Amino acid sequence: MNRIMVVVVSPGVGKSTFARRLGETLHIEVHHLDALFWKPNWVEASLKDFSKSQQDIVLMISRL
């Protein structure tokens, strides 16, 4: 298993906690899209920067 995506519609239902625990259990790295999207002081990343951050993660994982 190389990748798992946790998607939930409602905020605050525990997806980050679930993803973190799943990552710990399976010994895989977890990447939170919120951490890529939100810059300091709750400033949104540009679509270009957000997409690039995601592409960088996918490339890094595909090399493993």
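In this predicted model, Lys-39 is partly exposed, its relative accessible area being 36%. The residue belongs to strand S1, which comprises residues 38-39. Between Lys-39 and Gly-14 there is a separation of 25 residues in sequence, and the C-alpha to C-alpha distance across space is 22 Å.

The largest pocket in the model has a volume of about 1,100 Å³. Its lining is made up of 28 residues, and those that lie nearest the centre of the pocket are Ile-4, Met-5, Val-6, His-31 and Leu-33. Two or more residues of this lining are given by each of the elements H1, H2 and helix H3, the last of which spans residues 47-62. H3 gives the most, with six residues in the lining of the largest pocket. By residue class, the lining of this pocket divides into 17 nonpolar, seven polar and four charged residues.

Ile-4, which is listed with the residues nearest the centre of the largest pocket, is also a member of a nonpolar patch on the surface, where Ile-4, Leu-26 and Ile-28 together have about 210 Å² of accessible area. Within this patch, Ile-28 is found in the loop between helix H1 (15-26) and helix H2 (33-37). Ile-28 is classed as partly exposed because its relative accessible area of 31% falls between the limits of 20% and 50% that bound this class.

The loop between H1 and H2 also holds His-27, a residue that is not a glycine and yet has a positive phi of about 60°. At a relative accessibility of 72%, His-27 counts as exposed, since the cut-off for that class is over 50%.

A positive phi is likewise found at Asn-41, where the value is near 65° in a residue other than glycine. Asn-41 is placed in the loop between S1 and strand S2, the latter formed by residues 43-44. With a relative accessibility of 74%, Asn-41 counts as exposed, whereas Lys-39, which lies in strand S1, is partly exposed at 36%.

How values were computed:
Residues are numbered from 1 along each chain as its sequence is written. This is a predicted model: local features need pLDDT of at least 70, side-chain atom pairs count only at pLDDT 80 or more; totals for chains, interfaces and linings use all residues. Side-chain values use heavy atoms; hydrogens and water are left out. Helices (H or I, at least four residues) and strands (E, at least two) are DSSP runs, numbered from the N terminus. Buried means under 20% relative accessible area, exposed over 50%, partly exposed in between (1.4 Å probe, protein chains only). Patches are made of residues with over 30% relative accessible area and no salt bridge: like charges are joined within 9 Å, nonpolar side chains (Val, Leu, Ile, Met, Phe, Trp, Tyr) within 5 Å. Accessible areas come from the Shrake-Rupley method with a 1.4 Å probe; for residues, only the protein chains shown count as cover. A salt bridge is a side-chain nitrogen of Lys or Arg within 4 Å of a carboxyl oxygen of Asp or Glu. On a 1 Å grid over the protein atoms alone, a cavity is a set of points where a 1.4 Å probe fits but cannot get out, and a pocket is an open set with protein on both sides within 12 Å along at least five of seven lines; lining residues have an atom within 4 Å of a point. Grid points are joined across faces, edges and corners, and a volume is the space filled by probe spheres set on the points. Ala, Val, Leu, Ile, Met, Phe, Trp, Tyr, Cys and Pro count as nonpolar, Asp, Glu, Lys and Arg as charged, and the others, Gly among them, as polar.
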